[in-house]
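Take a slow look at the fold before reading on. We will go through it one piece at a time.

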Amino acid sequence: MRRWVVYTAGCLFVGIIGGGLGVYWKYEPVHHFEQVDVPVLSRPKVPIEEGVTVIQSKVAVEATPQFTQQASAKPVKSFNVLLLGTDARGTENSRSDVVIVLHIIPSTRKINMISIPRDSRVYIDGVGYTKINHAHILGEMRGGNEAGTKEALQTVSNFLDVPINYYMKTNFKGFEDFIDTIGGVNVEVKNDIYLLHAGVTLPQGKQHIDGKLALSLARERYAFANGDFDRQSEQTQLLKTVATEILRPEHMGEIAGLLAKVKKDIVDTNFQDSDIISLAWLFKGMTADDFTTKQVPGQSGYEMDPLVHSRLYYWIPDMVKVKEISSTLFKD
């Protein structure tokens with residue numbers, strides 16, 4: 001009888017250890033992203049020089065374009081993720097109100113981030129130089145949601161001169177609902193902020209806010225002295241806070257449920273469930289020092305827009321400095 005107990009206990013012990021090692025090997029960030037075929041959704045094309053006229057023939061666009069993913073030719077040490085926040089409500093065509101690129105390095109648990117102003121003047125194939133937030137809606141008008149994603153991916157890839165491997169795209173309703181799902185987020189406000197879209201004032205200090213206020217904070221720019229740049233800083237801080245909230249001890253047992261909620265609230269993504277779990281593992285324990293954030297250097301100006309045929313306000317990037325940031329923070 002004792003032998004049977006010892007044998008059973010031994011089998012259980014081996015099974016638990018083996019299962020633990022299996023989970024570790026599958027989801028631990030370094031091991032996970034070394035084993036998966038990290039896709040390459042877009043590669044930078046040769047940039048078009050200012051002043052060169054480009055004539056593009058009209059090509060029929062399929063109603064439902066296929067989203068092809070190339071596997072990386074070699075094991076990757078890091079990868080790039082495009083985060084898109086669109087201004088859509090329902091099924092309407094939408095612009096990308098939020099454009100953030102993350103460079104994730106699993107081996108060092110470091111993340112480099114750049115927030116691209118929505119008014120940044122960039123080149124879009126077949127259109128010319130216009131605002132970066134036009135890329136998504138132009139793609140959608142040509143071929144629906146996937147085409148909108150592809151156009152945004154390629155435009156950002158060209159602008160930063162880096163490949164993009166993954167993306168996550170959400171809209172106003174999805175973002176608001178997800179924040180409510182995790183029970184809201186804690187934020188620290190340096191000064192009183194009037195949130196135009198919510199019609200309320202966030203008082204100075206630390207406080208807990210729900211999805212509606214978090215969305216209003218992410219969208220607000222007129223209340224800040226530096227406009228869109230201060231808004232980008234708030235978006236970056238909010239992103240870090242959301243990651244921290246998801247990984248609070250009380251949420252760790254709810255990862256499976258949160259994955260289902262992510263799929264419902266995020267409009268679309270090419271991350272697999274195992275990728276998301278691995279990223280959650282990566283974020284666990286990260287501090288503010290593990291994040292490096294940058295903004296697009298440049299200057300304000302007015303230029304002719306090829307879409308509306310009139311002069312519009314732009315943030316005109318300093319491409320020399322942008323390339324310096326890309327080469328140091330977004331490439332191996």
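In which helix does Glu151 lie? Glu151 belongs to helix α3, which covers residues 134-160. This is a predicted model, so a word on confidence comes soon.

Stay with Glu151 for a moment. Is Glu151 buried or exposed? Its relative accessible area is 12%. Buried means under 20%, so Glu151 counts as buried. What does its side chain meet there? The side chains of Glu151 and Arg142 are joined by a polar contact of 2.7 Å. Arg142 also appears among the contacts of Glu151 that lie beyond four places in sequence. The others are Ile124, Asp125, Ala135 and Gly139.

Now for the confidence. The protein chain has a mean pLDDT of 76. Of its residues, 68% reach 70 or more. Two stretches call for care. Residues 4-25 stay under 50 in pLDDT, and the model gives them 7 contacts beyond four places in sequence. Residues 48-66 are also below 50. That stretch has 18 contacts in the model beyond near neighbours in sequence. Where pLDDT is low, the predicted coordinates should not be read in detail.

Next, look inside. Nonpolar side chains tend to be buried together in soluble globular proteins. How many residues does the largest nonpolar core have? It has 26 residues. Leu82, Val101, Ile116, Val156 and Leu160 have the most contacts inside this core. Several elements give two or more residues to it: strands β3 (79-86), β4 (96-105) and β6 (121-124), with helices α3 and α10 (319-329). Helix α3 gives the largest share, 7 residues. Another core lies apart from this one and has 19 residues. Phe33, Val38, Val81 and Phe271 are among them.

Phe33 leads us to the aromatic rings. The structure holds 6 aromatic pairs. A pair of rings is described by the distance of the centres and the angle of the planes. Take Phe33 and Phe79. Their ring centres are 4.6 Å apart and their planes are at 40°, so this pair is tilted. Where in the chain do the two residues of this pair lie? Phe33 is in helix α2 (residues 29-35), and Phe79 is in strand β3. They are 46 residues apart, so the pair links distant parts of the chain. Both partners are buried: Phe33 has a relative accessibility of 3%, and Phe79 has 1%.

A second pair is formed by Tyr123 and Tyr129. Here the centres are 5.2 Å apart, the planes are at 70°, and the pair is edge-to-face. Tyr123 is buried at 16% relative accessibility, and Tyr129 is buried at 19%. Ring pairs also build a cluster, made of Phe33, Phe79, Tyr166 and Phe271.

Rings can meet charges too. Which residue lies over the face of Tyr314, at 5.8 Å from the ring centre? That residue is Arg121. Lys131 also has its charged end over the ring of Tyr314, 5.9 Å from its centre.

Turn now to the backbone. Most residues other than glycine have a negative phi. Arg109 has a positive phi, near 50°. Arg109 is found in the loop between β4 and β5 (110-115). With a relative accessible area of 27%, Arg109 is partly exposed. His309 has a positive phi as well, near 60°. Its loop runs between β15 (298-305) and β16 (310-317). Is His309 buried or exposed? At 62% relative accessibility, His309 is exposed. Glycine has its turn after helix α4 (residues 172-181). Gly183 follows α4 and has a positive phi, near 85°. Within α4, the buried residues include Phe172, Gly174, Phe178 and Ile179.

Last stop: Leu202, in strand β11 (residues 200-202). Leu202 is buried, with a relative accessible area of 3%. What does Leu202 touch, leaving out residues up to four places away in sequence? Its contacts are Val189, Asn191, Asp192, Ile193, Leu195, Gln207, Ile209, Leu213 and Leu217. Take Asn191 from that list. Leu202 and Asn191 are 11 residues apart in sequence, and their C-alpha atoms are 8.4 Å apart in space.

Definitions and conventions:
Residues numbered from 1 in each chain as written. Predicted model: local features only at pLDDT ≥ 70, side-chain atom pairs only at ≥ 80, totals over all residues. Heavy atoms only, no water. Helix = DSSP H or I, 4+ residues; strand = E, 2+ residues; numbered from the N terminus. Buried < 20%, exposed > 50% of the residue type's maximum accessible area, 1.4 Å probe, protein only. Polar contact = N/O pair within 3.5 Å; in protein donor to acceptor, adjacent residues only side chain to side chain. Contact = heavy atoms within 4.5 Å. pLDDT = per-residue confidence, 0-100. Core = buried A, V, L, I, M, F, W, Y, C linked by side-chain atoms within 4.5 Å. Phe/Tyr/Trp six-rings, centres within 6.5 Å; stacked < 30°, edge-to-face > 60°. Lys NZ or Arg CZ within 6 Å of the ring centre and 35° of its normal.
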